[in-house]
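Trainee: I am new to this structure and would like to go through it step by step. May we begin once it is displayed?

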Amino acid sequence: MSNELTNSPIQTMRKLLKEDPRYKYEAYQFVREALQFGQQLRQELPESIGVENDLDDDGFPAETVVRSAHVTGQELCESCRLYAIEQFGLLAQLVLGKWGVCSTSDFGEIVYNLIRIEQMRKSDSDRRQDFDNVYSFESAFEPDFRLNDNSSFSC
């Protein structure tokens with residue numbers, strides 16, 4: 001077997017799954033997809049939140065949002081939450097649990113495993129702890145039903 005084949009991304013992923021069996025392959029794929037989902041949501045945000053005619057010293061809107069492709073650990077956790085709800089609805093927590101993901105810390109473990117095998121990158125300011133306790137899985141995937149207090153029910 002050639003060295004190229006033994007170091008392929010597929011082989012590297014297989015090796016990772018053997019070394020760290022806590023998470024299913026689907027969990028890794030989900031985190032990658034959630035990252036793309038979050039980056040796409042970010043692109044849909046308005047470019048500027050500046051007030052008209054409020055310019056800085058260089059002539060640019062004073063409050064222009066500078067968007068980088070980088071996503072923080074907290075932002076990725078929120079992307080994972082929203083993507084799970086979009087993909088799995090009321091079953092989101094159950095599906096993630098079947099893959100071994102039971103907390104935002106698990107997202108961090110997955111990300112840092114992917115960084116270790118060079119399938120994701122991190123910035124100098126990123127830390128594994130950025131993923132800890134971002135939200136509670138117990139409530140993060142529950143539907144948010146609200147009734148209008150002014151409603152009256154009649155038959």
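Trainee: Where is the place of Asp-20?

Mentor: This is a predicted model. Within the model, Asp-20 is found between helix 2 (9-19) and helix 3, in the loop.

Trainee: Is Asp-20 buried or exposed?

Mentor: A residue counts as buried under 20% relative accessible area. Asp-20 has a relative accessible area of 10%, so Asp-20 is buried.

Trainee: With which side chains does the side chain of Asp-20 make a polar contact?

Mentor: One polar contact, of 2.6 Å, links the side chain of Asp-20 to that of Arg-22. Another, of 2.8 Å, involves the side chain of Asn-113. The names are therefore Arg-22 and Asn-113.

Trainee: How far apart are the end C-alpha atoms of helix 4, and what span should its residues have?

Mentor: Helix 4 covers residues 73-88, which is 16 residues. At 1.5 Å a residue, the expected span is 22 Å. The end C-alpha atoms agree with this, as their separation is 22 Å.

Trainee: Against which helices do the buried residues of helix 4 pack?

Mentor: The buried residues of helix 4 include Leu-76, Cys-80 and Tyr-83. Their packing partners are helix 3 (25-44), helix 5 (92-98), helix 6 (104-116) and helix 7 (137-140).

Trainee: How many residues apart in sequence are the parts that the pair of Phe-30 and Phe-107 ties together?

Mentor: The structure holds 12 aromatic pairs. One of them is the stacked pair of Phe-30 and Phe-107, with 6.4 Å centre to centre and 25° between the planes. Because Phe-30 lies in helix 3 and Phe-107 in helix 6, the parts tied together are apart in sequence by 77 residues.

How values were computed: Residues numbered from 1 in each chain as written. Predicted model: local features only at pLDDT ≥ 70, side-chain atom pairs only at ≥ 80, totals over all residues. Heavy atoms only, no water. Helix = DSSP H or I, 4+ residues; strand = E, 2+ residues; numbered from the N terminus. Expected span 1.5 Å × (residues − 1). Buried < 20%, exposed > 50% of the residue type's maximum accessible area, 1.4 Å probe, protein only. Contact = heavy atoms within 4.5 Å. Polar contact = N/O pair within 3.5 Å; in protein donor to acceptor, adjacent residues only side chain to side chain. Phe/Tyr/Trp six-rings, centres within 6.5 Å; stacked < 30°, edge-to-face > 60°.
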